[in-house]
Number of protein chains: 2
Amino acid sequence: MVLTSWNKYITQTDELVNHFSDEELLSEIAPGRNRGIYILGHLIAIHDKMLPLLGMGSEVNADLFEVFVTNPDSKRATAFAVKQLKERWSTQNELFANYFQRVKTDEWFDKHTQVSEEDFKKDPKRNRLNIVLTRIPHLTYHFGQLKLLKSDKGQI
Amino acid sequence: MVLTSWNKYITQTDELVNHFSDEELLSEIAPGRNRGIYILGHLIAIHDKMLPLLGMGSEVNADLFEVFVTNPDSKRATAFAVKQLKERWSTQNELFANYFQRVKTDEWFDKHTQVSEEDFKKDPKRNRLNIVLTRIPHLTYHFGQLKLLKSDKGQI
């Protein structure tokens, strides 16, 4: 159920991101608010942290964290072009999709890598599935904001 | 894990909604987009549908559906004042909180009321927990939009 939900919203966000021109992604979702490109970079940087947590390996987009998480949107050109971020986003989603297909049901309830055996016993919710579960509301929070960039108006 | 997530985002959205003045909720989240009041009414109307699905009883906010789901934001005064919607929102959240405390773990994996025994056998994901799980991304999608009404700028 959780993975179905993840896949659904990644697919919807991906379609939306690819629907946007570079120019649209460089515009603000609302006056004075974050630009589309900032939200895209932010999602990649946050999802990147799931790699070590799930035991999938080291981060591959750690260079995005400072620009798209630590700091607010500079509203200026960054070292990362829209095209490059779209590619990184796409590569990252494939990585998760492939990995999620391989993980067995039981393994989702194993502890994630950043919790000790002792703490995990006290709170078994600190498992791998919960890592994915808690990233879905974060994803859709920003998906709802990215929707505001789209040219057709009035939709909920 | 799912109920923890529901409670977390209901609490955060509730705090945000109650932080807003009536005037703020009557303004648009972005130029030409939905008003805060429309999103609040929309959330109540969508969550109301969970009542019969979870077997909690009949809908109690069915009168909101046409104004806040079927139709786009009219941008005009409706029959529902901000104060009334805030009260309905609060009452609804208490109703779910009380109910969720009573449901036993196993019961969450029972079928919801709108699926037949036969279809449930084919797709056991059509259970009660999944009803709540799938409403969380919807909630946070709109929570991310409501955040844009808030007076402090630049936050992600």
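Colleague: Why is Lys125(A) called partly exposed?

Modeller: Its relative accessible area is 33%. Under 20% counts as buried, over 50% as exposed, and what lies in between as partly exposed (1.4 Å probe, protein chains only). The value 33% lies in between, so Lys125(A) is partly exposed.

Modeller: As for the background, this is a predicted model, in which local features need pLDDT of at least 70 and side-chain atom pairs count only at pLDDT 80 or more, while totals for chains, interfaces and linings use all residues. Residues are numbered from 1 along each chain as its sequence is written, chains are lettered from A and ligands numbered from 1 in the order in which they are written, and side-chain values use heavy atoms, with hydrogens and water left out.

Colleague: What makes Lys125(A) and Asp123(A) a salt bridge?

Modeller: The term asks for a side-chain nitrogen of Lys or Arg within 4 Å of a carboxyl oxygen of Asp or Glu. In this pair the closest N and O atoms are 3.7 Å apart, so the rule is met. Asp123(A), at 27% relative accessible area, is partly exposed. In chain B, Asp123(B) and Lys125(B) form a salt bridge with closest N and O atoms 3.7 Å apart. Asp123(B) has 28% relative accessibility and Lys125(B) 32%, and both count as partly exposed. Over all chains, a search of the whole structure finds 14 salt bridges.

Colleague: Where do Lys122(B) and Asp119(B) lie, and is Lys122(B) buried or exposed?

Modeller: Both are in helix 7 (residues 117-122) of chain B, 3 residues apart, about one turn of the helix. Helices are DSSP runs (H or I, at least four residues), numbered from the N terminus. Lys122(B) has 63% relative accessibility and therefore counts as exposed, whereas Asp119(B), at 30%, is partly exposed. The two form a salt bridge, with their closest N and O atoms 3.7 Å apart.

Colleague: Why is Gln92(A) called buried?

Modeller: Its relative accessible area is 3%, so it falls under the 20% limit. Gln92(A) is found in helix 6 (residues 82-102) of chain A. Leaving aside neighbours within four places in sequence, Gln92(A) is in contact (heavy atoms within 4.5 Å) with residues including Leu43(A), His47(A) and Asn61(A).

Colleague: How do you know how chain A and chain B are related?

Modeller: A turn of 180° and a shift of 0.0 Å along the axis lay chain A on chain B with an RMSD of 0.0 Å. The two copies are thus related as by a two-fold rotation axis. The superposition is by least squares on the C-alpha atoms of residues with pLDDT of at least 70 in both copies. Of the residues of chain A, Tyr141(A) comes closest to the axis, at 2.1 Å (C-alpha).

Colleague: What makes it right to say that the copies meet through the same surface?

Modeller: 100% of the interface residues of chain A are also interface residues in chain B, so the copies meet through the same surface. There, 36 residues of chain A are in contact with 36 residues of chain B. Across this interface the rule finds 0 salt bridges. Helix 8 of chain A gives the most to the side of chain A that touches chain B, with 12 residues.

Colleague: How confident is the predictor in chain A?

Modeller: pLDDT is the predictor's confidence in each residue, from 0 to 100. The mean pLDDT of chain A is 94, and 96% of its residues reach 70 or more. For the complex, the predictor gives an ipTM of 0.90 and a pTM of 0.93.

Note on methods:
Helix = DSSP H or I, 4+ residues; strand = E, 2+ residues; numbered from the N terminus.
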